[in-house]
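Subject: A structure for you to look at

Hi there,

Here is the structure I promised to pass on. Have a look at it first, and then read on for what turned up.

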Amino acid sequence: MAKKTKKKQIKTYNKLVRDKLPGIIKEENRDFSIRQLDDSEVLNALCQKLKEETQEFCENPCVEELVDIRTVIDAIQVHMEISNFDFAYKIREKLDHCGGFKKGYFLEWVET
C-alpha cells in the first residue's frame, strides 16, 4: 500500500517582518523563503508596514498594536538617519506651532 504524504500548505506574505522571525520559523522546522531588502526598498516596505500596523491598531486599539506602530516609526527614523535629538526637536517645534491633540477638536468646516 502506498504511503500518503501530507501536502505542504504555503501561505504567501510578501511583507516586511521583524528581524527575529526567520530564526523563529527555522526553530519550528518549517520551510520558508526570505530575502533581505536592499536600501532602496526599505522605506517603501516600512511605509507599507506602518499602514498595516495602523489599520490593526484602529481595529483593536491596545498597547500591543501601539507598540507595533512605534517600532515601525523608530525603524523609519533610523533608516532616514534622523537623530533622536532632531526628531524630538521637530516634535517640539510642531507642538509649539500647531499644538497637539489633547483637546479633541474636530474641525467640521471653514469659510473659504
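Let me begin with a question: is arginine 92 buried, partly exposed or exposed? Please keep in mind that this is a predicted model. Arginine 92 turns out to be partly exposed, as its relative accessible area is 46%.

Its partner is a good place to go next. Arginine 92 and aspartate 96 join their side chains in a salt bridge, with 3.3 Å from N to O. Aspartate 96 counts as exposed because its relative accessible area is 56%, and exposed here begins over 50%. Both residues belong to helix α4, where 4 residues, or about one helical turn, separate arginine 92 from aspartate 96. A general point helps here: an α-helix has 3.6 residues a turn, so residues three or four places apart point the same way.

Helix α4 holds another pair of this kind. Lysine 90 makes a salt bridge with glutamate 93, and their closest N and O atoms are 3.4 Å apart. These two sit 3 residues apart in α4, which runs over residues 84–98, and that spacing is again about one turn of the helix. Lysine 90 is exposed at a relative accessible area of 52%, whereas glutamate 93 is partly exposed at 36%.

A few words on the helix as a whole. With its 15 residues, α4 spans 21 Å between its first and last C-alpha, close to the 21 Å expected at 1.5 Å a residue. Glycine 99 follows just after α4 and has a positive phi of about 85°.

The helix also contributes to a nonpolar patch on the surface. Ile73, Phe87, Ile91 and Leu95 make up this patch, which covers about 280 Å². Its largest share, 3 residues, is supplied by α4. One of the patch residues, leucine 95, lies in α4 and is partly exposed, with 35% relative accessibility.

Now for the salt bridges elsewhere. The structure has 10 of them in total. One links the side chains of arginine 30 and glutamate 28, at 2.5 Å from N to O. Both ends of that bridge are partly exposed: arginine 30 has 48% relative accessibility, and glutamate 28 has a relative accessible area of 43%.

If you have a moment, try finding arginine 92 and aspartate 96 on α4 first, then look for the patch that includes Leu95.

Happy browsing, and best wishes

How values were computed
Residues are numbered from 1 along each chain as its sequence is written. This is a predicted model: local features need pLDDT of at least 70, side-chain atom pairs count only at pLDDT 80 or more; totals for chains, interfaces and linings use all residues. Side-chain values use heavy atoms; hydrogens and water are left out. A salt bridge is a side-chain nitrogen of Lys or Arg within 4 Å of a carboxyl oxygen of Asp or Glu. Buried means under 20% relative accessible area, exposed over 50%, partly exposed in between (1.4 Å probe, protein chains only). The expected span of a helix is 1.5 Å times one less than its number of residues. Patches are made of residues with over 30% relative accessible area and no salt bridge: like charges are joined within 9 Å, nonpolar side chains (Val, Leu, Ile, Met, Phe, Trp, Tyr) within 5 Å. Accessible areas come from the Shrake-Rupley method with a 1.4 Å probe; for residues, only the protein chains shown count as cover.
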